[in-house]
Amino acid sequence: MVTKDGNFLRENNARHQLHPMIHPLISEENPPQIIVKGDGYNVTDIDGNTFVDGIGGLWNVNVGHNRAEVKAAIAAQMDEIAYYSSFAGTTTAPSIELSAKIIEMSAEENMAKVLFSANGSDAVETALKLSRQYWKLEGQPERTGFISLKQGYHGIQFGGTSVNGSTYYRNVYGPLLPGCYQVDSPWSYRNPYSEDPQELSDAIITQIERVIQHNGANTISAFIAEPVQGAGGVIVPPAQFWPALRKLLDKYDILLISDEVVTGFGRSGSMFGARGWGVKPDIMCLAKGITAGYIPLGATVLNERVMSAWTKGVDPNGFIFHGYTATGHALGCAAANATLKIVEDEDLPANAKAMGDRLLKGLQDIPNWSSLAGEVRGKGLMVGIDMVADKKTREPIDPGKGQGEMTAGFAREEGVIVRPAGSNIIISPPLTIDAEGVDKIVDGLNKAFRKYEEVK
Ligand SMILES: Cc1ncc(COP(=O)(O)O)c(C=O)c1O
């Protein structure tokens, strides 16, 4: 409910609020669009314009906006109790129900326990810290290092920033955690090795093995990666990569953390992203789609192998000295219980796959005529358009020049909101989108890239 009128909101937009991922002076100069309503895969702004939500909030509103079931679940829980602690000694009903549901849904991955938090960055921080605690309990306390992929995004805490693979997230906040190593990402469009999927996968696996051997496997706690790299530009690895990665990590006894903050609960076309590659991680980080954004919630899920360090007996070092006031938040868990029911009842992973294929097909021709679009790629409803300064060398555009914002602005004029991020345009609508919605996005983006050609 808005208590202030439209003029107040327009005048104060970006005046007092800092917005992530933009310079404060730029957002003051060009304030963000004020979104006031959402329904299904559409959103409406303060001026009454309605758009297809091609971002899905921030690739999290997977069940669509304004779902009666989720709203009712939150309201019903609010009538009982909005919050109570989940620290030692007390808990709440929705968190018990949700923990059982997540372990049921991840039975295929042999998951055993879940630790709740408030968002994806917390889920990553929890995973990194518990992986270190695991090794301390296992009698190998020197296993503290982490390996990750360049272009990877793992949220914004110091741990997640330390394993982040994009320098601009890292440089201004250093110094970061020691013992974090980034290797090249298995990115077929931009790599110095090969476009052949097998050769590329082999090259990256070899590089990871060299890092392990160089530092000593006995210093590495875990490898963390996204099954499809999202914020870094929707980078889909070769199908061989994740199974080969799992094999390599097993050889050196290193834990695999799958950062499923975006891919979890269907976005990449399978219930979990790693499952789509036929791989069982040791730890999964979940957030975003778990509540479809209705209430913030994160979850870190640990498999039986990891939990075995805790089940040997009560060791003082085994206390979980990690948790948040919001851990197990009753409203977040109630929202998640309703959301995951929709995900299963409507088989949203299958719809993400079908609609994602349609979206990719509809956009695939753009690089053939556009001077800006180098490649369209994706998996499920994670799709990216890679924008290049030079089509031959595939040199990415300089994001500072504003071509991405300009093209996204043209799409907005066509009634479609998409997200310019670095040198990519990212498309990630709610997983409930239908063919009509996908076709509107396809049409809007084709027109936007055409318009860019006219005005560039
Ligand atoms: C793969 C991945 N991990 C972690 C995060 C951090 O999640 P949050 O923004 O909820 O803290 C994100 C956010 O986009 C993400 O894409």
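**Figure 1. Arg67 in the loop between helices H3 and H4.** In this predicted model, Arg67 is buried, with a relative accessible area of 14%; the cut-off for buried is under 20%. The residue sits in the loop that runs between helix H3 (56–59) and helix H4 (68–80). Beyond its neighbours within four places in sequence, Arg67 is in contact with Tyr294, Ile342, Glu346 and Thr432.

**Figure 2. Asn66 and its positive phi angle.** Asn66 is found in the loop between H3 and H4, the loop that also holds Arg67. Its phi is near 65°, a positive value in a residue other than glycine. Asn66 counts as partly exposed, at 37% relative accessibility, whereas Arg67 is buried.

**Figure 3. Phe265 in the loop between strand E8 and helix H11.** Strand E8 covers residues 255–259 and helix H11 covers residues 273–276, with Phe265 in the loop between them. Phe265 has a phi near 70°, which is a positive value in a residue other than glycine. With a relative accessibility of 0%, Phe265 counts as buried.

**Figure 4. Surroundings of Gln229.** Gln229 is placed in the loop between strand E7 (220–225) and helix H10 (241–251). The residue counts as buried, at 3% relative accessibility. A polar atom of the Gln229 side chain lies 3.0 Å from the backbone oxygen of Lys150. Lys150 is also among the contacts of Gln229 outside its neighbours within four places in sequence. The others in this set are Leu149, Gln151, Gly152, Ser185, Val234 and Ile235.

**Figure 5. The loop between helix H8 and strand E6, with Pro175 and Pro178.** This loop runs between helix H8 (167–171) and strand E6 (180–183), and Pro178 lies in it. Pro175 has its place in the loop between H8 and E6 as well. The peptide bond that joins Gly174 and Pro175 is cis, with omega at about 0°. Pro178 counts as exposed, at 65% relative accessibility. From C-alpha to C-alpha, Pro178 and Asp122 are 19 Å apart in space, with their positions 56 residues apart in sequence.

**Figure 6. Lys451 in helix H17.** Helix H17 consists of residues 435–455 and includes Lys451. Lys451 is partly exposed, with a relative accessible area of 29%. Leaving aside neighbours within four places in sequence, its contacts are Phe410 and Glu413. The C-alpha atom of Lys451 is separated by 35 Å from that of Leu149, a residue 302 positions away along the chain. Leu149 is one of the residues in contact with Gln229.

**Figure 7. The whole chain, for placing the close-up views.** The protein chain has 17 helices and 16 strands. Its radius of gyration is 22 Å, close to the 23 Å given by the globule rule for 456 residues, so the chain is as compact as a globular protein of that length. The C-alpha trace spans about 65 × 60 × 40 Å along its principal axes. Of the 456 residues, 53% count as buried. Among contacts with a separation of 6 or more, 72% are accounted for by residues 24 or more positions apart. The chain exposes about 19,900 Å², and carbon and sulfur atoms supply 53% of that area. There are 42 positive and 53 negative side chains, and the centres of these two sets lie 3 Å apart.

Methods:
Residues are numbered from 1 along each chain as its sequence is written. This is a predicted model: local features need pLDDT of at least 70, side-chain atom pairs count only at pLDDT 80 or more; totals for chains, interfaces and linings use all residues. Side-chain values use heavy atoms; hydrogens and water are left out. Helices (H or I, at least four residues) and strands (E, at least two) are DSSP runs, numbered from the N terminus. The radius of gyration is taken over C-alpha atoms; the globule rule is 2.2 Å times the number of residues to the power 0.38. Buried means under 20% relative accessible area, exposed over 50%, partly exposed in between (1.4 Å probe, protein chains only). Contact means heavy atoms within 4.5 Å. Accessible areas come from the Shrake-Rupley method with a 1.4 Å probe; for residues, only the protein chains shown count as cover. Lys and Arg count as positive and Asp and Glu as negative; His and the chain ends are not counted. The place of a charge is taken as NZ of Lys, CZ of Arg, CG of Asp or CD of Glu. A polar contact is a pair of N or O atoms within 3.5 Å; within protein, one must be able to donate a hydrogen and the other to accept it, and residues adjacent in sequence count only if both atoms are side-chain atoms.
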